[in-house]
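Hi,

Here is the structure I promised to pass on. Have a look at it first, and my notes on what turned up follow underneath.

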Amino acid sequence: MDENLRKSAITLGILLSISILSKVLAYTKAEENKNDPNYTAYLDDIVITPSGTEESVFDSIRSMTVADMEEIKNKNQLSILDTLDDRIGIWIEKRTTTTSDPVIRGLSGGNLLALVDRNTLTTMWGEGGFAGDDMYGKIDAESIARIEVVRGPSSVLYGSNALGGVINFITKESPLDYTLSGYDFGGRLKGTYGSAADYQMGRIETWGATPYSRYFLGFSARHIDNTKAGGDSEELDPSGGRDYSFDLKTEFKLEDGRYFEFGSQIMRRPEVYRYYRPTQVNENYRDGVSLGYRDYTLEYVDKFEWRGYYQNKKDIRKWLNSDMEGMAQWDTYSSDIQINKTVKNDHELTAGLHYQLDIAESPDDEQFTITTAATGEQKASPDTEWDNEGIFIQDQWSMTSRTKLTGSFRYDHFRFKADDNVFYTIPGSTAAENVATIDPGTFTERAYTGGLGMLYELTEQWNVSGSWFRGYRLFPPSFGLRQTGYGLLAPNELLDPVTGDTFELTTKVKGDIVSTTLTGYYTDFDNFQQPVQGSYNGMTSYDFDGSGTIDSDENIYVNAANGDAYVQGVELECEVKLGSIFENMEGWRVFGGFM
């Protein structure tokens, strides 16, 4: 037997034994503790991200990670993602105090889809390439009440970029329900100081409710200094920054069963420093406005929901001791309609329409529009418009009292249009006659995705499930002859979407002493884009800097969607309620895992 296969089999056997032991321990005290009102296992968390309807983590076919308000509140995050830094199935890469980037099952950056209240934070460009740390810094950790993560491809409900998973940040809302009469309100002040990075944060919150409206309003300001990498390492200088933000969430009850929502988030990060780029300072900005309407009173559907969203993001980079400045910016407009309907008491249907338009200038934030006094403005790519129309349907069928089957399908159409009136150059090149270019026009592409899964309840506290789900990402075209670390990248049109097919086997135990989740997965990627040496206009290399010689980074490469890859692994989560074992330890829990 192959050595790696043998080790994997042994590991899976050990983890399965732990999971079965959890079931045995759970059963021994089930009768004694089943009515304990003070205990809720992590598997009882109610989520909406994976299916579009409310369901518990225990009943979900998807692999989920959830961080609730209590967990977020108990941590002083330098970035909202720091909340997840000890969770199974997610690794948080952190290179400065103010930025973090998640890695889920081997993928990061634009291959993960980030949402705010199910509205896209990620543009279709996936700014940041394979690292999205700037993007996640545009979310104030103090404005978030809950984080729901779907581990693995999840494009059926959310479309492109959900190749490796979905992270949904759910913002705070008024903790007060609608009043019977009059006005009720409350508030909160928070101040934090941390000596490790001279961390200073202030937060003001207020909320209120009337018989017909509820609101939540918050304001935050932070300053963070340099940090250390750990151990006896030197201070990372510079690695700090400062920011301030504003968030608002309101809901209006038009009548019983009909609601209108309005929300807004504004983030300003005027200083972001990176120790590995000591001669630069970055600025990040984000404005988001959301509208929503929910109706439970319609005759033919159980729920109708519409969401509208506008978002502007801007990244600016300034070079110290120089007048050079770079800028990238994105405008996103989106509209989503979703309906839910239960048919014959055993089919829960979810269907929806999605439209998104991204308008961008220099949309790769590592290839800004560069401005200097000597050269004026130099664009690294043409101004672009990228729109997407999608339609999906999902059915959760309760085949028997113990068996649930989920099937889903989605179709997307994309149109990519670059401004063919803009003559642009690649900043840094001295060979403008060959590098300057007119964009090649308009491209279209389509994508199909779906999923199929089955969950079987062995008992009320133990289930097993198997599933297949597909995710995809459509990468943007490349314009001009661009210099990268490995060579010169030639232009390319839209290539076929990168797809990821994930196969999972999961068992979950929701016990009164021990709760566990054990998942084994295999993901196969197709059409993975990778640069390979090639030619451009008959040339295999090009003197990009005009030095008279061909340097090692002046060979020509071409993006090719011909890469195959896979990732496989196991994930074990385990929570033990010590209060069910030892007296006088009510409320104590131990949580751990392995991946």
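The second largest cavity in this predicted model holds about 140 Å³ of space. A cavity here is a set of points, on a 1 Å grid over the protein atoms alone, where a 1.4 Å probe fits but cannot get out, and lining residues have an atom within 4 Å of a point. Grid points are joined across faces, edges and corners, and the volume is the space filled by probe spheres set on the points. Of the 15 residues that line this second cavity, Pro-50, Arg-62, Gln-394, Thr-406 and Phe-469 are the closest to its centre. The elements that give two or more residues to its lining are α5, β23 and β24 (403–418), and α5 contributes the largest share, with three residues. (Helices are DSSP runs of H or I with at least four residues, strands are runs of E with at least two, and both are numbered from the N terminus.) By class, this lining has five nonpolar, eight polar and two charged residues. For that split, Ala, Val, Leu, Ile, Met, Phe, Trp, Tyr, Cys and Pro count as nonpolar, Asp, Glu, Lys and Arg as charged, and the others, Gly among them, as polar.

Some housekeeping on how to read all this. Residues are numbered from 1 along each chain as its sequence is written. As this is a predicted model, local features need pLDDT of at least 70, side-chain atom pairs count only at pLDDT 80 or more, and totals for chains, interfaces and linings use all residues, while side-chain values use heavy atoms, with hydrogens and water left out.

Back to the cavities: there are ten of 30 Å³ or more. The largest has a volume of about 250 Å³. It is lined by 25 residues, and those closest to its centre are Arg-118, Leu-157, Tyr-158, Asp-336 and His-354. At least two lining residues each come from β6 (113–116), β7 (119–120), α5 (155–158), β19 (325–343), β20 (347–361) and β23 (384–398). The class split for this lining is eight nonpolar, 13 polar and four charged residues.

Arg-118 deserves a second look. It is found in the loop between β6 and β7, and its phi is near 70 degrees, a positive value in a residue other than glycine. Is Arg-118 buried or exposed? It counts as buried because its relative accessibility is 9%; the cut-offs are under 20% relative accessible area for buried, over 50% for exposed and partly exposed in between, with a 1.4 Å probe and protein chains only.

Next, some strand pairing. DSSP has to find at least two bridges between two strands for them to count as paired. Strands β11 (residues 199–209) and β12 (residues 213–224) are antiparallel over ten bridges, and they form a hairpin with three residues between them. Gln-200 stands opposite His-223 in β12. β12 also runs antiparallel to β15 (residues 241–255), joined by twelve bridges, and here Gly-218 stands opposite Asp-247.

Phe-219 lies in β12 too. With 39% relative accessibility, Phe-219 counts as partly exposed. It touches Gly-202, Arg-203, Ile-204, Tyr-244, Ser-245 and Asp-247, leaving aside residues up to four places away in sequence; contact means heavy atoms within 4.5 Å. In the loop between β14 (235–236) and β15 sits Pro-238, and the peptide bond from Asp-237 to Pro-238 is cis, with omega near 0 degrees.

Further along, Gly-563 is in strand β33 (residues 556–577). It counts as buried because its relative accessibility is 5%. Its contacts, not counting residues up to four places away in sequence, are Phe-525, Asp-526, Asn-527, Phe-528 and Gln-530. Gly-563 and Phe-525 are 38 residues apart in sequence and 8.0 Å apart in space, C-alpha to C-alpha. Asn-527 is found in strand β32 (residues 514–533) and has a positive phi, near 65 degrees, in a residue other than glycine.

Lastly, confidence. The chain averages a pLDDT (the predictor's confidence in each residue, from 0 to 100) of 86, and 89% of the residues score at least 70. Over residues 24–39 pLDDT stays under 50, and the model has 25 contacts beyond four places in sequence for them. Residues 431–436 are also below 50, with 13 contacts beyond near neighbours in sequence. Where pLDDT is low, the predicted coordinates should not be read in detail.

Cheers

Key: 1 Å grid on protein atoms, 1.4 Å probe; cavity = no way out; pocket = protein on both sides within 12 Å on 5 of 7 lines; lining within 4 Å.
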